[in-house]
Amino acid sequence: MRALIAVLGGDGIGPEVVAQGMRVLQAVAARGGHKIELQEALLGGVAMDRTGSPLPADTLSLCRSADAVLLGAVGGPKWDPHAPVRPEQGLLGLRKELELYANLRPVGVHPRLMQASPLKTELLQDVDLVVVRELTGGLYFGEKRREADCASDICVYTAEEVRRVVRVAARLARQRRRRLTSVDKANVLETSRLWREVTTQVVRDEFPDLQLEHVLVDSCAMLLVQRPARFDVIVTENLFGDILTDEASVLAGSIGLLPSASLGAGKRGLYEPIHGSAPDIAGRGIANPYGTILSVALMLRHSFGLEAEARAVERAVRSAIDRGALPADVAAGGRRAVTTAEAGDAVLAALQET
Ligand code: IPM
Ligand code: MG
């Protein structure tokens, strides 16, 4: 295989975790005889500092010509949240420009990390779920207004925007336990009523073999920590998906462990950990790179169809954790935590053995 991969470290711990993702990509390529070219570019606050724009034209055109994008994180307290131009606009703009409307966020629990979660261990048994978050619509992209004492964000969804993301989730559910939970707030919001109607229709007409349920977002937030193992695939709109996946990361033990894949109509995808730029620990070499490395596995699977390689990377992360290579966010009290690079070393070592 030949591939061009755009690498956008971004802000805070982004470049540190992405460096480990690149090492893993290079190792996989070397083993399989794949020719991959990694090209780095600027996104977010660092791009604003150097070019004035959070999504410079060069970065966008590199991403358009790339087969996949690996991304770290954007944002931080250095950039004024009230300014008209903000780092986050770079990420949102990139998702929109590449039409990456479906964001897959798998959540699993490693037995060794159950102690890192504040939830009771018995609740965490058998947790294996994927949230499919709509990524290019809703409140994030609707018209925004601000007057002195009044502000508004408009939430818009078209039936087609709902249909296409529900299809992604339904196809995924078909490869799993065939349970699809659609999350909305249809008792209050008009967009949610459309969401529910369209989802019901798509599943009835195209995926009658799936078991579909509708759950209100507030109730879903509760069930995620009360009975998380009941979920298989969850599909929901942009803002609800953003919030529910930070919540779901608590099941895994740390948000530093969770990967994501943002997909559109073609094979090109954007792969990033779901965590933020963690400015408090940036530059110290202690961030958890597993979410990024697992995002590399998703890239191998979804953009390059390299399922065996994807599984090998996922296995390598599991075995690194098994052997106690635990970064500070999940290390149990008293144990020495590994650095970002040591966690990368442990994954590379485990990869060599498979
Ligand atoms: C995420 C992040 C982003 C989002 C921010 C940085 C814009 O929270 O990927 O979950 O809200 O989508
Ligand atoms: Mg988020």
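The paragraphs below go through this structure from the whole chain down to single residues.

The model is predicted. Its chain has 354 residues, and a compact globule of that length would have a radius of gyration near 20 Å. The chain has 20 Å, so the value agrees with that of a compact globule. Along the principal axes, the C-alpha atoms fill a box of roughly 50 × 50 × 40 Å. The secondary structure consists of 12 helices and 12 strands.

How much of the chain is buried? Buried residues account for 53% of the 354 residues. The area that the chain exposes is about 15100 Å², and carbon and sulfur atoms supply 52% of this area. Contacts can also be sorted by separation along the sequence. Of the contacts with a separation of 6 or more, 76% are between residues 24 or more positions apart.

The next level is that of domains. The domain assignment gives domain 1, made of residues 1-100 and 265-354, and domain 2, made of residues 118-252. Domain 1 is thus written as two stretches of sequence, and domain 2 as one. The C-alpha centres of the two domains lie 25 Å apart. Where the domains touch, 6 residues of domain 1 are in contact with 8 residues of domain 2.

Inside the chain, the largest nonpolar core has 89 residues. Which residues have the most contacts inside this core? They are Val 132, Leu 251 and Tyr 290. The core draws at least three residues from each of domain 1 and domain 2. Another core, of 17 residues, lies apart from it; among its members are Ala 66, Val 69, Val 74 and Leu 98. Leu 251 of the largest core serves as an example of how such a residue is surrounded. Leaving out residues up to four places away in sequence, Leu 251 touches several residues, including Val 107, Val 109, Leu 119, Leu 124 and Leu 224. Ser 117 and Pro 228 are also among the residues that Leu 251 touches.

A closer look at one helix shows how parts of the sequence meet. Helix α7 covers residues 190-206. Thr 191 lies in this helix, and it is buried, with a relative accessible area of 16%. Apart from neighbours within four places in sequence, Thr 191 is in contact with Cys 155, Val 156 and Tyr 157.

Tyr 157 also takes part in an aromatic pair, and the count of such pairs comes to 1. Its partner is Trp 195; the ring centres are 5.7 Å apart and the planes stand at 75°, so the pair is edge-to-face. Why does this pair tie together separate parts of the sequence? Tyr 157 lies in the loop between β7 (150-153) and α6 (159-174), while Trp 195 lies in helix α7, so the pair joins parts that are 38 residues apart in sequence. Tyr 157 is buried at 7% relative accessible area, and Trp 195 is buried at 2%.

Further along helix α7 comes Val 198. Is Val 198 buried or exposed? Its relative accessibility is 4%, so Val 198 counts as buried. Beyond its neighbours within four places in sequence, Val 198 is in contact with Ala 159, Val 162 and Arg 163. Val 198 and Glu 161 are 37 residues apart in sequence, while their C-alpha atoms are 9.8 Å apart in space.

Note on methods: Residues numbered from 1 in each chain as written. Chains lettered and ligands numbered in written order. Predicted model: local features only at pLDDT ≥ 70, side-chain atom pairs only at ≥ 80, totals over all residues. Heavy atoms only, no water. Helix = DSSP H or I, 4+ residues; strand = E, 2+ residues; numbered from the N terminus. Buried < 20%, exposed > 50% of the residue type's maximum accessible area, 1.4 Å probe, protein only. Contact = heavy atoms within 4.5 Å. Core = buried A, V, L, I, M, F, W, Y, C linked by side-chain atoms within 4.5 Å. Domains from an automatic or database assignment. Rg over C-alpha atoms; globule rule 2.2 N^0.38 Å. Areas by Shrake-Rupley, 256 points an atom, 1.4 Å probe, with all protein chains shown as cover. Phe/Tyr/Trp six-rings, centres within 6.5 Å; stacked < 30°, edge-to-face > 60°.
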